[in-house]
Structure formats: C-alpha cells, structure tokens
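Here is a small set of exercises on a ligand, its surroundings and the empty space in a protein. Have your viewer ready, try each task, and then follow the solution step by step.

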Amino acid sequence: MIPIAKPYLTAEEAQAAYDTILTGWITQGPKVAEFEEKFARYTGAKYAVAVSNCTTALHLAMIVAGVKAGDEVICPSMSYVATANSIKYVGAKPVFAEVYPKTYNLDVEDTERKITSRTKAILLVHQIGMPADINAFQRLADKYNLKLIEDAACAAGSAYQGGKIGSHSELVCFSLHPRKVISTGDGGFITTNREDYYQRMKLLRQHGMSVNDRVRHESAKVIFEDHIEVGYNYRMTDIQAAVGIKQLEKLDWIVEERRKIAMQYHEAFRYIDFIRLPTEEEGYFSNYQSYSIYLKDTCPISRNELMQKMLDEGVATRRGIMTAHRETAYKTEYADASLPVSEDAADRSIILPLYVPMSSEDVKKVIETFKSHVLVPVF
Ligand SMILES: *Cc1c(COP(=O)(O)O)cnc(C)c1O
C-alpha cells in the first residue's frame, strides 16, 4: 500500500529525543529556546514562539491581535476546520469568503466584499503549502484597519516574493503535525516581528506566568512568580523541540525532494485536459505539502469512484481540502452560506501520495494507477 504521507524521521531525531530525556530538562528548557531561535532565523522573522500545535498558535494569535467576542474574522471555509475553530475560541464569528479555483487560496475581492463594521481581522491560509498573495491582503488589511493573521500550518519551507513564509506579516502560525512537511509529533509556532506580541504570547502559552521555568532554575536568588493574566498550557516539550531542531535542518532538502516528485506528477499529467494541476506563479514557491488535482466535469470518472479504485489497487488518496461550513459543527449556523467555488473545489479534487523518500517505483505506480482510471481509451 502506498500511503498518502509519511513523516521523514530518522535515527538522528530518535537520538536527539533520547539525549534530551536523559538531560532531565524535558519541557520549556534549552531545546525549546534553541528551536525558537533557529525557527526565527530560518523564516527570517524576528521572533518565534513554540507552542503545542498550530491550533493553539492560531488561538494565541487571535488573542494578541485583539479579536474578541462579537468581532468578525474573514477566512476561507475551504481549509482544515481548525482555521475557523480558532476564531470561535475567542467568541468571534468566522465569515467565510471564496477561494480562487486555481490555487484554492482566499479570493481578495470576495474578502473585501465581506468586510463589515464588525470585521477585525483576516485569517489568510496558505493552502496545502501554496502561498497566498500576502501583499494583496496586507494592502486590504491596511485599507480597512484590520489585522492580518496567516494560517501557515502547511507552509513551512514555502516562500513568497523571495521571502520565506513567516517573515512577511505580524502573526504567522505553523504546524508540526505529522501530516505537514516537518514534524515533532505535534507542535506549532507563531512567528512575529513585534516584541510586544512575542512577550505576550510567551506569557499566554505558559499559564500567564511572569517568570519562566528556565529563568527561575538559573537564578541564584529565590524568585516568586505571579500569574499576570489568565493563560493557557500551550507548551511545546524539550523532547519535541530536540526532534524539531533536527527536522528543521532537513527542511530545505525535504522541500526540494517534494518538489521533484510534484514535477514528476506534473510532467506525467499535464497533457490531460479534463484535470487541473497545481500552478505556481512567478514569485510563489510551494513546499507541496499536498499535491491536489482538480477533476473537471468532463473527467470520465467521479472523484469518489477514482479514490476507491486507486485504493483497491494499493494507492491511498484523500479528498481535497474540506469546507468548514458543511461540517456538522457549522452547517446549521451557515445554512445560508453561498460558497459554490469552494464547494466545487472541495468535491472535485483528489490528493495524491507525496512523501520523502518516495521510491521512483512508487511515484510511477501512482502515476500509472491514476492514468489507468482517468484516461478512458478512445477507439
Ligand atoms: C493542519 C492544519 C491546522 C491545524 O494544525 P495542528 O497543528 O494539527 O493544530 C490548521 N490549519 C490548517 C490550514 C491546517 O492544514
């Protein structure tokens, strides 16, 4: 069976975890601090805050951006449901805007149409690793005095206009879940260039505690901590950070390898006219966290049937990105939502296996299996 994804973890990561366990510093210690420094340097952001996952990263970003009950935040419905959930956590309302059919990234004009007097922020998702047009959304945010938050869960290692994702705006949230390009089991980051955001997020991720464990441990004087505001436990452990440091060293290589496989898919499928392949325009650099193909209505096989047939032949696939507004948790509230482009894109796209290392036989098998079901011979 060819799986949809596989984390790239080696004996090096295992050794790093082992060594960290034996040091006795297993959370909020030197490895977390080192990983934060290295992640900030890698992305080009001034600061990086390590947290337990991207969902908690998004929650903290909402809080420091000042999003509150009664506010509205515009985001795509077509995203993993955690995007919309993070807006709900602060009592605000997700307002769903459409995506572009070509990139599945948020449509800037539809976003502008959905701005009201209650809109506080835009939550911009870089869909499955393909950067959205950050500059266009920053301009929109500035014009209406809104906060821009990036959901870059899938986009570690991607770049936009020559800068790594994480360097462009005030709040960028990443995931280190095994389904993403590098992983610490679970884990997340927020990058920021603002010192005030940085300090507050460090506080909030650790119960609002005024002194962190490391400072207290290293102090020659007895220090008593205070809890300055109601915080959370959104910590990353040092064991995870030790693994993450090794993963980060490999990130650019992993991205290059992923891109080679994506290009092989591209070459193999580009002449099939009833499908649409991912496109990377000038200035955009994707890590190909997923390779998603859109099946046009002229495609001779339905998406679900294709998924089953490929699975029967030992190739796992996934449906395209979901839509939040049609999930049970949202569908009553959003019964009137009109998002035809997002629904069509979600219903007609299929994600193919892509991981590192992926043998050329496996790449070939995916290509052949896909082709054998979508290309009906013409006599
Ligand atoms: C995976 C994902 C998340 C959630 O990340 P976790 O680390 O699992 O919390 C959020 N947003 C998007 C777009 C994702 O793909």
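**Exercise 1.** How far from an oxygen atom of the ligand does a backbone N or O atom of Cys54 lie? Then look for side chains that approach ligand oxygens in a similar role.

*Solution.* Keep in mind that this is a predicted model.

Step 1. Start at the backbone: an N or O atom of Cys54 lies 2.9 Å from a ligand oxygen. The cut-off for a polar contact is 3.5 Å, and the pair falls within it.

Step 2. Move on to Thr55, where a polar side-chain atom lies 2.5 Å from an oxygen atom of the ligand.

Step 3. Add Ser175, which has a side-chain N or O atom 2.6 Å from an oxygen atom of the ligand.

Step 4. Now consider the cover as a whole: the ligand taken alone exposes 390 Å², and the protein buries 89% of that.

**Exercise 2.** Describe the shell around the ligand by residue, by element and by class.

*Solution.*

Step 1. Count the neighbours: 14 residues surround the ligand, and Cys54, Thr55, Asp151, Ser175 and Lys180 are the closest.

Step 2. Find where the ligand is housed: it sits in the largest pocket.

Step 3. Assign the shell to elements. Two or more residues come from each of helix H3 (54-64) and helix H4 (82-89).

Step 4. Sort by class: the shell holds six nonpolar, six polar and two charged residues.

**Exercise 3.** What is the volume of the largest pocket, and which elements supply at least two residues each of its lining?

*Solution.*

Step 1. The volume of the largest pocket is about 640 Å³.

Step 2. Its lining has 29 residues, of which Tyr80, Cys154, Arg179, Lys180 and Gln289 are the closest to the centre. Lys180 is also one of the closest residues to the ligand.

Step 3. At least two lining residues come from each of H3, H4 and strand E13 (318-319). H3 gives the largest share, with three residues.

Step 4. By class, the lining of this pocket has 11 nonpolar, 12 polar and six charged residues.

**Exercise 4.** How many cavities of 30 Å³ or more does the structure hold, and what lines the largest?

*Solution.*

Step 1. There are two cavities of 30 Å³ or more.

Step 2. The largest cavity has a volume of about 160 Å³. Among its 16 lining residues, Lys102, Thr103, Tyr104, Pro278 and Ser292 are the closest to its centre.

Step 3. This lining divides into eight nonpolar, six polar and two charged residues.

Step 4. Check the backbone of Tyr104: phi is positive, about 65°, although this residue is not a glycine. Tyr104 belongs to the loop between strand E3 (93-97) and helix H5 (108-113).

**Exercise 5.** Which two residues does a cis peptide bond join?

*Solution.*

Step 1. The bond links Val356 and Pro357, with omega about -5°.

Step 2. Place Pro357 in the fold: it is found in the loop between strand E14 (349-352) and helix H13 (360-374).

Conventions:
Residues are numbered from 1 along each chain as its sequence is written. This is a predicted model: local features need pLDDT of at least 70, side-chain atom pairs count only at pLDDT 80 or more; totals for chains, interfaces and linings use all residues. Side-chain values use heavy atoms; hydrogens and water are left out. A residue is near a molecule or strand if one of its heavy atoms lies within 4 Å of it. A polar contact is a pair of N or O atoms within 3.5 Å; within protein, one must be able to donate a hydrogen and the other to accept it, and residues adjacent in sequence count only if both atoms are side-chain atoms. Accessible areas come from the Shrake-Rupley method with a 1.4 Å probe; for residues, only the protein chains shown count as cover. Helices (H or I, at least four residues) and strands (E, at least two) are DSSP runs, numbered from the N terminus. Ala, Val, Leu, Ile, Met, Phe, Trp, Tyr, Cys and Pro count as nonpolar, Asp, Glu, Lys and Arg as charged, and the others, Gly among them, as polar. On a 1 Å grid over the protein atoms alone, a cavity is a set of points where a 1.4 Å probe fits but cannot get out, and a pocket is an open set with protein on both sides within 12 Å along at least five of seven lines; lining residues have an atom within 4 Å of a point. Grid points are joined across faces, edges and corners, and a volume is the space filled by probe spheres set on the points.
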